[in-house]
Amino acid sequence: MSNTLSPEEERWVSELWEACKAENLQPKGKYELACYAIVSKGNTQKGIARMKKIRQLQKEEGLEQVDVEEAWDWMDKTLPGCCQAGGVDAEGRTTLFMDYAAFHPGNIKTPRDWALMMVAFFDLFDCMSATLDDVRKGCGFVAQCQGMGFSNFSLEMEKRFAQVYQDGYPMKFKLIMMINPPTIINAIISICKVFLSKKLMDRMQCVNLSAMAKHFDQEKLPTAYGGDNKQALRQWLFPQRNGPQGPEGG
């Protein structure tokens with residue numbers, strides 16, 4: 001499909017818009033409505049619940065007052081190399097590549113730090129949902145886990161993030177790959193099973209780096225994973241941010 005809503009999706013959007021008015025929720029525009037409607041597959045109650053959760057988080061954490069470039073400057077300084085690149089898998093799903101060994105929860109010390117990190121990840125999620133086709137196809141997450149230890153894991157942060165990507169932000173992770181995981185990953189996965197859905201857990205794969213060739217074309221796979229894509233993350237973000245949001249005519 002294109003970046004245009006189907007007749008069924010148009011109906012979903014109209015129904016969600018009416019529900020938003022009844023709940024005194026103000027969408028940012030038709031595109032945001034379309035994203036929630038598509039991810040919720042026309043279930044208005046689910047769409048409203050997702051939007052409320054994100055609006056509440058944005059308000060409580062003061063995310064609307066944080067500049068996105070400031071957030072990425074903070075990420076580059078505080079968690080360098082954590083978010084590595086963006087790409088596209090063989091199914092056409094936009095994918096985020098992350099290095100877990102470079103994620104240090106201990107560096108996130110204040111509410112302001114948390115807000116800066118959240119704004120950076122919300123920007124990533126926006127860029128991973130830049131078109132309606134992105135939303136329809138879902139997205140991917142690939143984490144390099146070599147060298148990861150318990151100091152790179154925070155149960156509190158995982159729980160808080162799960163509320164965002166599992167039942168809040170209008171996106172669906174269709175592929176989750178943990179690359180070269182250490183033995184502690186089994187303990188971490190067992191802990192996360194408590195608050196992650198079975199559907200999400202079933203999509204998680206622990207694989208070796210060689211498995212990347214099955215899921216990504218060579219030219220679209222970042223160099224850190226054996227591919228030819230040399231584009232830095234912030235270079236990838238700009239055109240994604242400023243690309244066609246759609247829906248056409250909306």
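Let us start inside the sheet of this predicted model, where Val142 faces Met177 of strand E4 across the pairing. The two strands concerned, E3 (residues 139-144) and E4 (residues 173-179), run parallel and are joined by 6 bridges.

## The sheet

Stepping back, the sheet is an open one of 5 strands, in the order E1-E2-E3-E4-E5 and with mixed pairing. Its edges are formed by E1 (83-88) and E5 (204-207); each has a single partner strand, so one side of each lacks a neighbour in the sheet. On average, neighbouring strands here are turned by 20° against each other, direction ignored.

Three of the strand pairings can be set side by side.

| Strand pair | Sense | Bridges | Citation |
|---|---|---|---|
| E1 and E2 | antiparallel | 5 bridges | |
| E2 and E3 | parallel | 5 bridges | |
| E3 and E4 | parallel | 6 bridges | |

Strand E2 deserves a visit of its own. How many of the residues of E2 are buried? The count is 6 of the 6, so E2 is largely enclosed by the rest of the structure. As a general matter, side chains in a regular strand alternate between the two faces of the sheet. In E2, Thr94, Leu96 and Met98 point one way, while Thr95, Phe97 and Asp99 point the other way, and all are buried.

Two of these residues also serve as signposts to the strands beside E2. Phe97 is the bridge partner of Ala85, and Thr95 has Gly140 in E3 as its bridge partner. If you follow the hairpin of E1 and E2, you cross 5 residues between the strands, and Gly92 in that hairpin takes a positive phi near 85°.

## Helices on the sheet

Helix H5 (residues 111-128) packs on the sheet and touches E1, E2 (94-99), E3 and E4. The direction of H5 makes about 150° with that of E2. Helix H11 (residues 233-241) packs on the sheet as well, touching E1 and E2, and its direction makes about 50° with that of E1.

H5 has a helical partner too. Helix H4 (residues 68-78) packs with H5 at an angle of about 110°, and their axes are 8 Å apart. Angles of 65 to 115 degrees count as roughly perpendicular, and H4 is therefore roughly perpendicular to H5. From H4, the residues Val68, Glu70, Ala71, Trp72, Trp74 and Met75 take part in the contact. On the H5 side they meet Arg112, Asp113, Leu116, Met117, Val119, Ala120, Phe121, Asp123 and Leu124. By type, the residues of this contact divide into 11 nonpolar, no polar and 4 charged.

## The N-terminal helices

Now to the helices that come before the sheet in the chain numbering. The axes of H1 (residues 7-23) and H2 (residues 30-39) come within 9 Å and cross at roughly 105°, so H1 and H2 are roughly perpendicular to each other. H1 brings Glu9, Glu10, Trp12, Val13, Leu16, Trp17 and Cys20 to the contact, and H2 brings Lys30, Leu33, Ala34, Tyr36, Ala37 and Ile38. The residues of this contact of H1 with H2 divide into 10 nonpolar, no polar and 3 charged.

Two loop residues in this region have backbone angles worth a look. Asn24 lies in the loop between H1 and H2, and its phi is near 60°, a positive value in a residue other than glycine. Asn24 is exposed, with a relative accessible area of 73%. Lys41 lies in the loop between H2 and H3, and phi of Lys41 is near 55°, again positive in a residue other than glycine. Lys41 is exposed, at a relative accessible area of 67%.

Is Arg55, in helix H3 (residues 44-61), buried or exposed? At 18% relative accessibility, Arg55 counts as buried, because the cut-off for buried is under 20%. Its side chain makes a polar contact of 2.8 Å with the side chain of Glu32. Leaving aside residues up to four places away in sequence, Arg55 touches Leu25, Gln26, Pro27, Lys28 and Glu32.

## A link across the chain

Our last stop is Lys214, in helix H10 (residues 212-215). Lys214 counts as exposed, at 70% relative accessibility. The C-alpha atoms of Lys214 and Ala90 are separated by 8.1 Å, although the two residues are 124 residues apart along the chain.

Conventions. Residues are numbered from 1 along each chain as its sequence is written. This is a predicted model: local features need pLDDT of at least 70, side-chain atom pairs count only at pLDDT 80 or more; totals for chains, interfaces and linings use all residues. Side-chain values use heavy atoms; hydrogens and water are left out. Axes are lines fitted to C-alpha atoms, for helices over the stretch in contact, and angles run from 0 to 180 degrees between N-to-C directions. Helices (H or I, at least four residues) and strands (E, at least two) are DSSP runs, numbered from the N terminus. Angles under 35 degrees count as roughly parallel, over 145 as roughly antiparallel, 65 to 115 as roughly perpendicular and the rest as oblique. Contact means heavy atoms within 4.5 Å. Ala, Val, Leu, Ile, Met, Phe, Trp, Tyr, Cys and Pro count as nonpolar, Asp, Glu, Lys and Arg as charged, and the others, Gly among them, as polar. Buried means under 20% relative accessible area, exposed over 50%, partly exposed in between (1.4 Å probe, protein chains only). A polar contact is a pair of N or O atoms within 3.5 Å; within protein, one must be able to donate a hydrogen and the other to accept it, and residues adjacent in sequence count only if both atoms are side-chain atoms. Two strands pair if DSSP finds at least two bridges between them.
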